[in-house]
Structures are given as C-alpha cells and as structure tokens.
Amino acid sequence: METEILITGFGGQGIVLTGNILGMAATLYDNRHATMTQSYGPEARGGSCSSQVVISDEPILFPYVENPQVMICMSQAGFQKNCAMLQEGGAMLWDSDLVKPAELSDQWRCYNIPATRFAEEMGNKMMANIVMLGFVAAVCALVDPESLRQAVLESVPPKTRDKNAAAFDRGREYGGEILKGRARQEH
Amino acid sequence: MASKAVLTGTHFMNGDEACAEGALAAGCRFFAGYPITPATEVAERMSRRLPQVGGMYIQMEDEIASMAALLGASWGGKKAMTSTSGPGFSLMMENLGLGIITETPCVVCNVQRGGPSTGLPTLVGQADMMQARWGSHGHYEIIALCPSSPQEMFDFTIRAFNLSERFRLPVLVMADEVVGHMNERVLIPEEGAIEVVERKRPTCAPGQFLPYRPEADGVAPMACFGDGYRIHVTGLTHGENGYPAMEDRAQERMVNSLVNKIKMNRDAIISYETEYLDDAEVVLVAYGISVRSARRALRMGRDRGLRLGLVKLNTVWPFPEEFIRGLAGRVRALIMPEINLGQMVLELERCAGGRCPVRLVGHAGGSIIRPGVILSAVEDIRKEAV
C-alpha cells in the first residue's frame, strides 16, 4: 500500500527539505521505501513549489503523486491549486496564518497550525517547516514520530539542532492537544 | 568519514548526488563543469567532495571549456567527468568529438530536461537521445547508459567510468530531471566490493610505442603525459603514431578502429533486463525514468489479465539490435514509452524490422509518462493486432 503526500508552498520555505526529511525518516529509520520528487519553477525564491513523497512497504514504481492521502499546505496558492487532488478520507494540513481555505470538504480530516508564527516566536521563521513536521508526527501516522524527529536532527545544520528540535516538539505538542480536544468533544 | 571516497552505507539521496558519489567510487578525481538545472547538484556535490579526496573541481566559463578540460585531465592521467543538461550538452558536442577521435576516457552525465534550447529548465525530458548518438559530427560509435533510479545513478556512473577506461572514449550517462532530482534509498557498498577498471597502459619500450595501435580487443593502450612515452594528441585524422595523416587510407583505418572497438565488444557493453517475457504478447521497451512508468503499467495490465512484458534498457547505445530482432519475431507488438515525440522508437522499429508492429507512447516533455496512457496504447494495439 502506497501513501502519497503532497507538500506545497513557495520557494524559500524549505518545502523540498520537508519532503526530504519525511522520505529519509521512512527509508533510513523505518526501513520502508520512499521517493521524494520536487517541482519548482526557474525562479529561486518566492515561486510556487511542491514536493511529492510516496511511502510504501514495497519498492515504489511510479514516483509522482496523483492521489494524495495527505496534503500539507504552506501557501494559499499551493492550497488552491492542489486541494481538489486530496482523496476522500485524506488529511489536509495547513498553516493557519498563510492559508485561508475558502471551503473544506467534509470528507477530509482537517488540521491547521500557525506554524510560521510559532517559528517566528521561537526566533526564526525558517523553522516553520520543522514545526509543521512535528505537527505531522502528531496527527498523521505516516512514519514513526521518533524516526521523523531523528531525520530532522540529521538534516539541519548541527548548530541549529536544539532550536529545530524545540520547533519540532512545539508542532508535535500542538498537534497532540488538537487530537485530545477532538477526542473530548466526541465523548 | 567525510574524507572517504566511498561513503559505504544506506543513504536517502537524489540521483544527482548519487551520480557524484558513483564517480568518486569509480576513482574520478577531476570535475570541470558549469552549473545548469537540473544537473547542478552533481557539480555542487563534486565541488564539496573532490577536495576531500585529493581531487580537483573547476567551475569553467562554459561547457565548451568544461569538455576540453576533461580531455586534458584524462590525458594527464586522471579519471574525469562533467555533468550538464540540454543547452550545455549542445555546447559539448564539438569537444565530445575530440574525445572520440583522440580516444580519451571520460564521463559526461546529461540530466535531460525539456528542449529545444532553454526549454523547460526544471522539468523532465528524454529528447537528447539521438543527439547522444549523433550529436558530434563525423562517424563514430558511442556508449550511453540510462539510469532509472538514484541507485542506478550511482551504479551506472561507476559502469560508465569502467567502460570509458576499458574502451577509451567519452561515455554518456543519459539521465533525466526526475531521476536526477528524485530522492530514494541508495546503497553504497564497501569499497572492496566495487569493481573499478583502469585504462590499459603500454608495456613496451618507449621507442616502440604506437599510441593508436589497437590490440586484439580493439583498444590501444594509453600512455598519459609524463609517463615517458612520446604522444601526440590531435583532432586531425592520424595514423597509429598519433601524427596527422591527411589521406583516405588513414581516415579509413582510424574511423574503422573507432567503430570496431565498440562493435566487436557489443556483448560486453550492452546491458538490459527483462520481466515477464516468457508469456508476453505485448512488450514494453523502456529506458531511464520511463522504465518506472512502464513497470507500473505492466503491473496494472497483468492485474487485468493482459500478458505484458518489459525490456529495461540499461544501455541505449549501442542498441541491443540482435535481441530486439529475435524478440520482435515472437511477440504481437512492441511499445516504447519515452519523453519525446519519437527517438529511440525509431531504432526499435529499425531493429524489429517489420516482424511486429512498434508503437511510441510519447509526449513533448515536462512530466513523466502516465502508466494509464501506456495501458491505453496496449489496448489499442491488441485490437489492431487481432
């Protein structure tokens, strides 16, 4: 069974790194298979970009994401362009300060987090993607959360490890609280 | 660890990075190039890694100079490579020919994007396949490999170096944007488990050495500058002694020698893999990233009861002519998915020689072939063939 994940945003947000970390966690720490492909325009920063991750227990044949079960949106343009692709029952995650969804399907599981604001509060908005990955670890069962955390620490410059670990944990805790809140409402 | 040439272990890296690591594992110690999307990551990694292993990285003023620098480095005794994409590959064509006529081992990796001209810098294409074969002027043979994964970017780059050293010519790694930019698991073996081939060196006394006299395997030993042998390297037609010889007999000898060393060793060069050929009615013949589209289409088709087979071309030049001829005589059709409007399919059709229908599944570039489109072509040709 392949799980397809689409991560969208704009150049400079670390969208490709986010996909890379997810794939790395699945491949190197969970010993599964993953591909990560990227899509961007000729411009270096500010243009739309996306990364596409496929995770599976089997070797992956086709690396494009066409029917994602998980979508992570870090820009309004990325959300609008791609949201129709998300499968029924899929998980839609977005940065609540950057994306204002006009309408959301009731077939999706929806989760949002002010990832960029949290990252700014922690001293560097470049860590928004890491906050988001922590959030992913909490609300989606894509990879082992500890594998993901390990992959984050391996992927960031050594001097920034502590800050990135804190950013990851912040996103993970926020996600955990959301899940707890929803569980309470259901009971 | 960082100073090791062979990064033994499991990695999650992209194809461009894997290409660079394959080069280092094969003994490459010189890279000259000019960054270009989607091949930049090869150069970027080489610029960091080569100084760690005592090698040299030069960012050149353009791709013409890059190719020239490779040839010089190779004659200086180093294993040398460059990486580029369409526009740079076009600029390299003249000096690629110089590499062929001077029988200079080196490796060129072309991470193909959409063309012509600047085209689609960040999006995939497979439309330089005929340029790879005939892009430089004059008559010659070439070797080109097509990796379909980051792992094969590593493995095939090593093989490209080995073939270039063994047969003394520039060898092309014809990758593409998706293979280059895709991250996937790459296993790098222990250094001792990697087969590395070195060019033949002369063993005779310097006074008896003829730098372009082929031995029984069709390949002449190579003396490099500083080895103590008298050598002359020219792009003019030359005799076995390396000096210009402006006459038709010398041209006949030299060009035949360039062609024969590849033709007589075809079996050692050509590499392909097959899947489900035993009962296959329709066979997909694919190379590079299109192998993965084909393999997905094959699984989908088999699930629906279609008897599909797959031929995965690891080398595209020289083309496996005899194998395809035999195959065409026992299947209902051959289909080639490729990201162009018909290049390698022409060679497939030529080799099939009318024994079965041959169809292209192609488009002009920008994305990889959708498996569903391949399956539609299979359905269409099955209807026709009934």
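How many residues of chain A are in contact with how many residues of chain B? In this predicted model, 17 residues of chain A are in contact with 17 residues of chain B. On the chain A side, helix 1 (15-29) and strand 2 (33-40) each supply at least two residues to the surface that touches chain B. Strand 2 of chain A gives the most, with 6 residues. By character, the chain A side divides into 9 nonpolar residues, 8 polar ones and no charged ones.

## A covered helix in chain A

Let us stay with chain A for a moment. Helix 4 of chain A (residues 128-139) has 12 residues, which should span 16 Å at 1.5 Å a residue, and its end C-alpha atoms are 17 Å apart, in agreement with that figure. This helix is mostly covered, since 11 of its 12 residues are buried. Among the buried ones are Ile130(A), Met132(A), Leu133(A), Phe135(A) and Val139(A).

## The open sheet of chain B

Now to chain B, where five strands form an open sheet in the order 10-12-11-14-15, with mixed pairing. Strand 10 (272-275) and strand 15 (358-362) of chain B are the edge strands, each pairing on one side only. Direction ignored, neighbouring strands of this sheet are turned by 20° against each other on average. As a reminder, strands of a sheet pair through backbone hydrogen bonds, either parallel or antiparallel.

Within the sheet, strand 11 (residues 282-287) and strand 14 (residues 333-338) of chain B pair in the parallel sense over 3 bridges. Here Val283(B) has Leu334(B), in strand 14 of chain B, as its bridge partner. Helix 10 (residues 290-303) of chain B lies across strand 10, strand 11, strand 12 (308-313) and strand 14, and runs at about 155° to strand 11 of chain B.

Thr315(B) has its place in strand 13 (residues 315-317) of chain B. Is this residue, Thr315(B), buried or exposed? With 23 other C-beta atoms within 10 Å, Thr315(B) is past the cut-off of 20 or more and therefore counts as buried. Leaving aside residues up to four places away in sequence, Thr315(B) touches Ile143(B), Ala144(B), Leu145(B), Ile269(B), Ile270(B) and Ser271(B). Pro35(B) is 280 residues from Thr315(B) in sequence, and their C-alpha atoms are 26 Å apart in space.

## Two helices of chain B and what covers them

Helix 4 of chain B (residues 86-101) has 16 residues and reaches 23 Å from its first C-alpha to its last, close to the 22 Å expected at 1.5 Å a residue. Even so, helix 4 of chain B has a kink of about 50°, centred on Met93(B). Its buried residues include Phe89(B), Met92(B), Leu96(B) and Ile100(B). What covers the buried residues of helix 4 of chain B includes helix 3 (63-75), strand 4 (79-84), strand 5 (106-114), helix 5 (129-134), strand 8 (170-176) and helix 8 (248-263) of chain B. Just after the helix, Glu103(B) takes a positive phi of about 55°.

Helix 2 of chain B (residues 40-49) has Glu41(B), Val42(B), Ala43(B), Arg45(B), Met46(B) and Arg49(B) as its buried residues. The elements covering them include strand 1 (9-14), helix 1 (15-26), strand 2 (28-33), strand 3 (56-59), strand 4 and strand 5 of chain B.

## Backbone points worth a look

Most residues other than glycine have a negative phi, and most peptide bonds are trans. The table lists some exceptions in chain B.

| Site | Backbone value | Location in chain B |
|---|---|---|
| Thr37(B) to Pro38(B) | cis, omega near 0° | Pro38(B): loop between strand 2 and helix 2 |
| Gly115(B) to Pro116(B) | cis, omega near 0° | Pro116(B): loop between strand 5 and strand 6 (120-124) |
| Arg168(B) | phi near 55° | loop between helix 6 (150-167) and strand 8 |
| Tyr276(B) | phi near 60° | loop between strand 10 and strand 11 |

The surroundings of Arg168(B) and Tyr276(B) can be added. Arg168(B) is buried, with 26 other C-beta atoms within 10 Å. Tyr276(B), in turn, is partly exposed, with 16 other C-beta atoms within 10 Å.

Key
Residues numbered from 1 in each chain as written. Chains lettered and ligands numbered in written order. Predicted model: local features only at pLDDT ≥ 70, side-chain atom pairs only at ≥ 80, totals over all residues. Helix = DSSP H or I, 4+ residues; strand = E, 2+ residues; numbered from the N terminus. Contact = placed C-beta atoms within 7 Å. Nonpolar A, V, L, I, M, F, W, Y, C, P; charged D, E, K, R; others polar. Pairing = 2+ DSSP bridges. Axes fitted to C-alpha atoms, helices over the stretch in contact; angles between N-to-C directions. Expected span 1.5 Å × (residues − 1). Bend = angle between axes of the 7 residues up to and from the residue.
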